[in-house]
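Please open the model in your viewer and keep the selection tool at hand. We will go from whole chains to single residues, one stop at a time.

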Amino acid sequence: MSDDGAPDAAEGATSMSDSNVALLERISTALGSDAIVESVESLGDLVVRVRADRWRDAAQACRTELGFDYLSFVGGIDWQPAPSADEGSGDTSAPVQPKEQTYGVAGSAGRFQVFARVASTHVPRVGLTLKVDLDEESPAVASWTSVYPGADWHERETWEMYGFDFHGHPSLRHLYLPSGFEGHPLRKDFPLLAREVKPWPGLVDVEGMPGDASDETEAPDSAGGGDA
Amino acid sequence: MTATEPRAPGFEVDPSLYRHLADAQVNVEIDTGDMVLNLGPQHPATHGTLRLVVRLDGERVVASDVIIGYMHRGYEKLSEFRTYPQITTLINRIDWLSSFANEVPFVHAAEQLMGVEAPPRAQYIRTVLTELSRIATFLLFLGEMGLQVGAITPAFYGFRDREYVLNAIEAATGGRFHPNFNRIGGLKDDLPWGWAAETREAMRKILKSCDDFEDLVVANPIFQQRTRSIGIIPAELGASYGVSGSNLRASGVDWDLRRDGKPYLAYDAIDWKVWTHPDGDSFARYWVRLQETRESARMVLQLIDAMPSGPIMAKVPRIIKVPEGEAWVNTENPLGEMGYYVVSKGATGPFRVKIRTASLSNVSIAPWLLRGAYVPDVITILASLYFILGDIDK
């Protein structure tokens, strides 16, 4: 029912559960400890950041030597903060995120990262999150498709959503978006246009609700005109 | 002798030659070049708008491409613009047949980051409603799958029985399809009076109708011919494609996140078993889901009996702010493994939500699986994989 024995604040915690220490040991042996940049435990899960040139080797080691036969997902992340409302994005309804660029658990060298999750169908409760840093100018990393065929669609999605190139992928083409789509929607600097055009009521109600105290200060005509 | 000349009286072709004549005709006169057939974007068998382009050699599929995204709604992007309580409304609509089960992993991720735990009664009610969603989802499949092989009756039974379950979900949550009933730290409401008795009665009907499906569909020779040894997913390949849930268990992989994942909800407290089938074909997928429907009904009966009393909400602040951190929570949803990787930077909304849906990975094996299949089997194979388009397109 509850998380068994996971520490409350795994963030920045140096201590690891015994099983994760053993798992990290096995990865280090399989991959060579120089390939691992950083490793932490987050809420009971081991997160390992590997060097970009060993990304495919990491998958190979996971599949063949560590017994992670199951690919859960491959995804991307953009650590740059989105432009906030006062920087001219006009969106007052989104939750306010910190303005400084910070890099989650296991850190990052820059703005872009690819992360993936693998698991074992034979050993219960064993899984691993892998992260890799990508270059900001030309983000690219090796494809996992030759190791986990299921990475195909996930990498296509990450390619179109973030503009990351996956070397060795058989056919990087649009998965969700129409083929002529321009831009990379999940990058933080890609605006959510629906919200730009008409801010939604969220943190700040941009349109007074009927019967609101603020509504009464305005003339009835102007309130009616605002709806149109 | 040419064909125009009258045959000599008494001329007869040896019947044993007919077969060779037929072969000669096919080989000489019919060109068996490849043909590209477009299935969809709308097809009754696809439960939504999925487009399948298949290259055929005669009746067999040589290659196929699945084209998705007709219903992409950008939930990962939208989640970055909403607060945590608002997101549960969105993710209800990912796999719309089991909305309640979608909410659970996300709410768990937020709770784990906050260090909050829902009280036992809330955990039990969540488990009951998750299992009810599973039954509702599978009943639709058990009926629909019959429809794909030409049996109309099971579909009516499936829809009828699903109604009992949806009524129970509606009575508890107020919503038939999109309950939005989970709150971070618990649930919106407690169960209404008399709900337990009514749901027990509904589960008895479900158990009875599972027997009917067994007789009507599983034992049917036509159904068996159309599904046995068709669309076989090898266990190891399936896992590397990320195929999960009943689809993988039908390939003999004894892996269920309710038992083998990080412990969640009240699954440890009840007695149940994981069903597998060694064959990995369309029939096995049907069979496993039928057994799991029955198992879920038994689980609901046990859970109702064992339901603890107490509060349904933990103490949480009025404005939910989730501390900085990253949480990966995956659960066994009706369609397979569903997970959320939530990255929080301490705000009222998440910085990034990676949504791992079951159907996307389950369908990604389709191009491999359909190679060499006959056209009519394409439909049954896709139906037996059982995907929801909202779960693929996000």
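The tour below starts with the two chains, then visits a pair of helix contacts and a few single residues.

**Before you start**

This is a predicted model, in which local features need pLDDT of at least 70 and side-chain atom pairs count only at pLDDT 80 or more, while totals for chains, interfaces and linings use all residues. Residues are numbered from 1 along each chain as its sequence is written, chains are lettered from A and ligands numbered from 1 in the order in which they are written, and side-chain values use heavy atoms, with hydrogens and water left out.

**Stop 1: chain A, then chain B**

Select chain A and colour it by secondary structure. You should find six helices and seven strands; helices (H or I, at least four residues) and strands (E, at least two) are DSSP runs, numbered from the N terminus. Walking from the N terminus, the order of elements is α-β-β-α-β-β-β-β-α-β-α-α-α. Chain A has 228 residues, and 45% of them count as buried. Here buried means under 20% relative accessible area, exposed means over 50%, and partly exposed is in between (1.4 Å probe, protein chains only). A contact means heavy atoms within 4.5 Å. Among the contacts of chain A with a separation of 6 or more, 62% join residues 24 or more positions apart.

Now switch to chain B. There you will meet 16 helices and eight strands. Of its 394 residues, 60% count as buried. For chain B, residues 24 or more positions apart make up 71% of the contacts with a separation of 6 or more.

**Stop 2: helices α6 and α7 of chain B**

Stay in chain B and select residues 153-173, which form α6, together with residues 195-218, which form α7. The axes of these helices come within 10 Å and cross at roughly 165°; axes are lines fitted to C-alpha atoms, for helices over the stretch in contact, and angles run from 0 to 180 degrees between N-to-C directions. Because of that angle, α6(B) is roughly antiparallel to α7(B). Angles under 35 degrees count as roughly parallel, over 145 as roughly antiparallel, 65 to 115 as roughly perpendicular and the rest as oblique.

The crossing of α6(B) and α7(B) is left-handed, a word used if the near helix is turned anticlockwise from the far one by less than a right angle, with right-handed for clockwise. Show side chains where the helices meet: α6(B) contributes residues including Y157(B), Y164(B) and A168(B), and α7(B) contributes residues including W195(B), M203(B) and F213(B). By class, this contact of α6(B) with α7(B) has 14 nonpolar, three polar and three charged residues. Ala, Val, Leu, Ile, Met, Phe, Trp, Tyr, Cys and Pro count as nonpolar, Asp, Glu, Lys and Arg as charged, and the others, Gly among them, as polar.

**Stop 3: bring in helix α5**

Keep α7(B) on screen and add α5, residues 120-148 of chain B. The axes of α5(B) and α7(B) come within 12 Å and cross at roughly 30°, so α5(B) is roughly parallel to α7(B). How many charged residues does this contact have? There are no charged residues in the contact of α5(B) with α7(B), alongside ten nonpolar and three polar ones. Among those in α5(B) are L132(B), L139(B) and G143(B), and those in α7(B) include T199(B) and I206(B).

Now centre on G143(B), which is buried, with a relative accessible area of 1%. Leaving aside residues up to four places away in sequence, G143(B) touches P154(B), A155(B) and F213(B).

**Stop 4: D78 in chain A**

Go back to chain A and select D78(A), in strand β3, residues 70-78. Is D78(A) buried or exposed? Its relative accessibility is 1%, so D78(A) counts as buried. The side chain of D78(A) reaches the backbone nitrogen of K188(A) at 2.7 Å, and a polar atom of that side chain lies 3.0 Å from the backbone nitrogen of Q80(A). Show both chains here: beyond four places in sequence, the residues D78(A) touches include R111(A), Y162(A) and F351(B).

**Stop 5: two positive phi values**

Finish with R125(A), in the loop between β4 (112-119) and β5 (127-134) of chain A. R125(A) is not a glycine, yet has a positive phi of about 60°. With a relative accessible area of 46%, R125(A) is partly exposed.

Then select K394(B), in the segment after α16 (389-393) of chain B. Phi of K394(B) is near 55°, a positive value in a residue other than glycine. K394(B) is buried, with a relative accessible area of 2%.

Note on methods:
Polar contact = N/O pair within 3.5 Å; in protein donor to acceptor, adjacent residues only side chain to side chain.
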